[in-house]
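Visitor: I'd like to know what stands behind the labels people put on a structure. Can you take me through some?

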Amino acid sequence: MTRKRLIIEMGMGVDQHGQEPTVAASRAVRNAIAHNALPGVWEVAGLSDPNQMIVEVQVAVPYPEQVRQEEVLAVLPFGQKSLTIKSGGMVVQGRAIPELNDKNDEMLIAVAAVTVFVETE
């Protein structure tokens with residue numbers, strides 16, 4: 001069996017309040033997959049179950065060691081999922097609002113790439 005890339009989607013996510021890298025990363029993945037449909041999984045690749053897709057996610061986010069990986073992968077409805085987290089994205093000065101549980105003025109920005117592979121003979 002050979003793995004072949006079917007699609008690559010990119011996204012961006014921001015946590016304006018709360019300083020949670022998991023929130024920014026999850027939003028980036030959700031943004032990457034928000035406006036696509038994958039009929040080629042069935043019509044071209046011939047898969048019979050969407051969980052046969054191999055879905056590799058890469059996220060670059062500030063404070064990557066704080067990301068809760070299971071929550072980020074939970075954004076994806078189907079597939080054999082994996083996640084690679086790298087240090088990156090951006091930290092931008094915002095405005096701390098105590099009522100929103102801000103710890104400081106940071107806004108966290110994450111970027112994501114979601115790649116779908118299929119196995120072919």
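Guide: Here are a few labels, each set against its rule. This is a predicted model, where local features need pLDDT of at least 70 and side-chain atom pairs count only at pLDDT 80 or more, while totals for chains, interfaces and linings use all residues. Residues are numbered from 1 along each chain as its sequence is written, and side-chain values use heavy atoms, with hydrogens and water left out.

Visitor: Why is S26 called buried?

Guide: Buried means under 20% relative accessible area, exposed over 50%, and partly exposed in between (1.4 Å probe, protein chains only). S26 has 9%, so buried is the word. Its place is in helix α1, residues 21-33; helices (H or I, at least four residues) and strands (E, at least two) are DSSP runs, numbered from the N terminus.

Visitor: Which residues does S26 touch?

Guide: Leaving aside residues up to four places away in sequence, S26 touches E71, V72 and V75. Contact here means heavy atoms within 4.5 Å.

Visitor: What makes R3 and E56 a salt bridge?

Guide: The rule asks for a side-chain nitrogen of Lys or Arg within 4 Å of a carboxyl oxygen of Asp or Glu. R3 and E56 come in at 2.5 Å, N to O, so the pair qualifies. R3 lies in strand β1 (residues 2-15) and E56 in strand β2 (residues 54-61), so this bridge ties together parts 53 residues apart in sequence.

Visitor: Why is R3 called partly exposed?

Guide: R3 has 39% relative accessibility, which falls between the two cut-offs, so it is partly exposed. R3 also lies over the face of F117, at 4.3 Å from the ring centre; the rule wants NZ of Lys or CZ of Arg within 6 Å of that centre and within 35 degrees of the ring normal.

Visitor: How do you know that E20 and K103 form a salt bridge?

Guide: Their side chains meet at 3.9 Å, N to O, so the pair passes the rule. It links distant parts of the chain, with E20 in the loop between β1 and α1 and K103 in the loop between β4 (90-93) and β5 (106-120), 83 residues apart. K103 has 58% relative accessibility, so it counts as exposed.

Visitor: Which residues are linked with E20 in a network of salt bridges?

Guide: E20 shares that network with R68, E71 and K103. One of its bridges is R68 with E20, closest N and O atoms 3.2 Å apart. A search of the whole structure finds four salt bridges.
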